[in-house]
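I am opening a notebook on this structure and will write down what I look up, entry by entry.

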Amino acid sequence: MKESTVNQIVSLAAMALIALPVGIACIILGYGLGDTPCILCWQERTAMVLVALIAIFITRYGLKPKYLGALILASVYGLWAGYRHSSNHILKDIGQGFGPAIFGVHTYVWVMVVFLVILLFAAVLLMLQGDKLSEKEDKNSWTLLNRSTVMVFLVVIGFNIVQAFSQTGPFPFIGQSDPYRMTFDSDKIVWSTANWPKLSSLSARGSYAIERPDFANMAEVEGSEVSNQPSLNALRTQKLPTEITGVATGISYSANSDIYAVVTSDNWVHFLNGKLDKVLASVMIDGAFSVEISNLTGVAFDGDNSVLVTADHKSYVRLEYDPLAKISDSYYLFMDGTDGVKELKRSRFSTVRAKYNYIGSLGWDAATQEYVTVTLPAKVRNNFVISRFSNQDFELNSEAKIINPAETFPMVTGLAIEQDKAYLLNHSAKQVLEMTMATNSIDAAYSFDGVSNPQGLALVNGEFAVLNGAQGQNSVSFFK
């Protein structure tokens, strides 16, 4: 392709970029409709300005590798900024968004479209060059189109400079996450430094920088004790079979079938007889296949022989104990194990209030046919929420904050439900908390002794079965 042709195409592209997305956002949406960019919008707009400026350099000095590299680098940064911005809002309910929408699509989504088009344009332009880049024929030549592009660029930049310095302010002011309407009334303009990152909160994972629970060495939570009712009486302790090698983290009991299910943090699921002295069947969940499942934490019978197993991040797998099932038929689902278990479903629970919290337990409410989880507290996202999920479509039915009478939120590592009561295993305080399901309020607490790492709770014929998770020495203690 001739250099002059490349020059005109790149010049038109630069003019379109600076006049349309940048110009419309600044002049029409800003000065016309009063829309002020948020701190993320300014990042995206800056990236577009840089791409347009690099394109002008190409028209002036030729299609050089350093300019193409800079163009791609700025476009990748802009694309990342668009994804970063959209991730806050794009999964909201239908019709919801942030800021004005153009043709039904919000501006932060258009950003991704714009930078994808730029990258595709750069790729096509390179392919049309053949084996080598075209050189500038006359560095002194400057067409009317070139001059027009530069003039449009300077005008739009001028409007942006006025908007930026008047609405956002000079350094060290950095802009707002939820900005006020654009105004030139000095009494209404707000300059802010609130969005500067703090060294204590810097993380590549942002809001998701929350440490996963280690069920073998759980942190103690001071002040999570609830005023006690009479302590529970220890009845007996049953050591689990030695083939259960990992740290046991969840237990459930099926009264109709007189069998137990026990899960461990290393992805094993075991079905045991009613005396807890014999493993009937076991499988090791393939956590990397399909939905990622790791660090198993809860199990609950939702039928005579079927259980739901959850990981700490609310991914789940539904299994059934079936003596006729062959593990050879499920080689892609289980890493290891015996015959007798088949998989029914695998997916993830989605929450709202509990989105940024891990869980340490799972319960089954037979009356409402719902799976129930309770959040684990976290330093940066401290929360105490009960979530209920439908057995029909496995979607969220409801969420509510639990009314907690203690000073701090407890580490709930076990959950059992009977009629209108839920029983929460308070790990740090070695308590069973009694909660009324209708009000989500903790009304009583029962202490117990003799369990060093309480990790699971089940109701067995009117008794509390508390699972003690200990590598190679897992056991179940019964209290009443």
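**Entry 1: helix α3**

I began with α3, noting beforehand that this is a predicted model. What covers the buried residues of α3? I found that the cover includes α2 (39-61) and α4 (107-127). The helix itself runs over residues 65-86, which makes 22 residues. From its first C-alpha to its last I read 31 Å, close to the 32 Å expected at 1.5 Å a residue.

I then listed the buried residues of α3, among them Tyr 67, Leu 68, Leu 71, Ala 74 and Ser 75. Further along α3, the buried list includes Gly 78, Leu 79, Ala 81, Gly 82, His 85 and Ser 86. Looking down the axis of α3, I see the buried residues fall within an arc of 160°, so they line one face of the helix. I recall the general rule that an α-helix has 3.6 residues a turn, so residues three or four places apart point the same way. On the face of α3 turned away from the buried side I noted the exposed residues Pro 65, Lys 66 and Leu 73.

**Entry 2: the chain as a whole**

I stepped back to the full protein chain. Its secondary structure comes to five helices and 23 strands. The C-alpha trace spans about 95 × 60 × 35 Å along its principal axes. For the radius of gyration I have 30 Å, where a compact globule of 480 residues would have a value near 23 Å. Of the 480 residues, 51% count as buried. I also looked at contacts between residues at least 6 apart in sequence, and 59% of these join residues at least 24 apart.

**Entry 3: helix α5 and the loop after it**

Next I took α5 (144-168). With 25 residues at 1.5 Å a residue, α5 should span 36 Å, and its end C-alpha atoms are 35 Å apart, which agrees. The buried residues of α5 include Asn 146, Thr 149, Phe 153, Val 156 and Ile 157. Asn 160, Gln 163, Ala 164, Ser 166, Gln 167 and Thr 168 are also among the buried residues of α5. These buried residues pack against α1 (3-32) and α2. Just after α5, I noted that Gly 169 takes a positive phi of about 95°.

I looked up Ser 186 as well, which is in the loop between α5 and β3 (234-239). Is Ser 186 buried or exposed? At 60% relative accessibility, Ser 186 counts as exposed. Its C-alpha atom and that of Lys 379 are separated by 39 Å, and the two residues are 193 apart along the chain.

**Entry 4: strand β9 and its partners**

How many of the six residues of β9 are buried? Six of the six residues of β9 (residues 306-311) are buried, so the strand is largely enclosed by the rest of the structure. Both faces of β9 are covered, with Ser 306, Leu 308 and Thr 310 on one side and Val 307, Val 309 and Ala 311 on the other. This brings to mind the general pattern that in a regular strand the side chains alternate between the two faces of the sheet.

I followed the pairing of β9 with β8 (residues 296-301), which is antiparallel over five bridges. Gly 298 has Thr 310 in β9 as its bridge partner. A hairpin of four residues joins β8 to β9. β9 also pairs with β10 (residues 315-321), in the antiparallel sense and over five bridges. There, Ser 306 stands opposite Glu 320 in β10. The hairpin between β9 and β10 has three residues in between, and Lys 314 in the turn has a positive phi of about 75°.

**Entry 5: two open sheets**

I traced a sheet of four strands, open and antiparallel, in the order β13-β14-β15-β16. At its edges stand β13 (363-365) and β16 (396-401), each with a single partner strand, so one side of each is left without a neighbour in the sheet. The twist in this sheet averages 25° from one strand to the next. Within it, β14 (residues 370-374) and β15 (residues 385-390) pair over five bridges. I marked Tyr 371 opposite Phe 389 in β15.

The other open sheet I followed has five strands in the order β4-β5-β6-β7-β11, again with antiparallel pairing. Its edge strands are β4 (248-254) and β11 (334-337), each pairing on one side only. The twist here averages 20° from one strand to the next. Six bridges join β4 to β5 (residues 259-264), and Tyr 253 stands opposite Tyr 260 in β5.

Conventions: Residues are numbered from 1 along each chain as its sequence is written. This is a predicted model: local features need pLDDT of at least 70, side-chain atom pairs count only at pLDDT 80 or more; totals for chains, interfaces and linings use all residues. Side-chain values use heavy atoms; hydrogens and water are left out. The expected span of a helix is 1.5 Å times one less than its number of residues. Buried means under 20% relative accessible area, exposed over 50%, partly exposed in between (1.4 Å probe, protein chains only). The arc is that of the directions from the helix axis to the C-beta atoms. Contact means heavy atoms within 4.5 Å. Two strands pair if DSSP finds at least two bridges between them. Axes are lines fitted to C-alpha atoms, for helices over the stretch in contact, and angles run from 0 to 180 degrees between N-to-C directions. The radius of gyration is taken over C-alpha atoms; the globule rule is 2.2 Å times the number of residues to the power 0.38.
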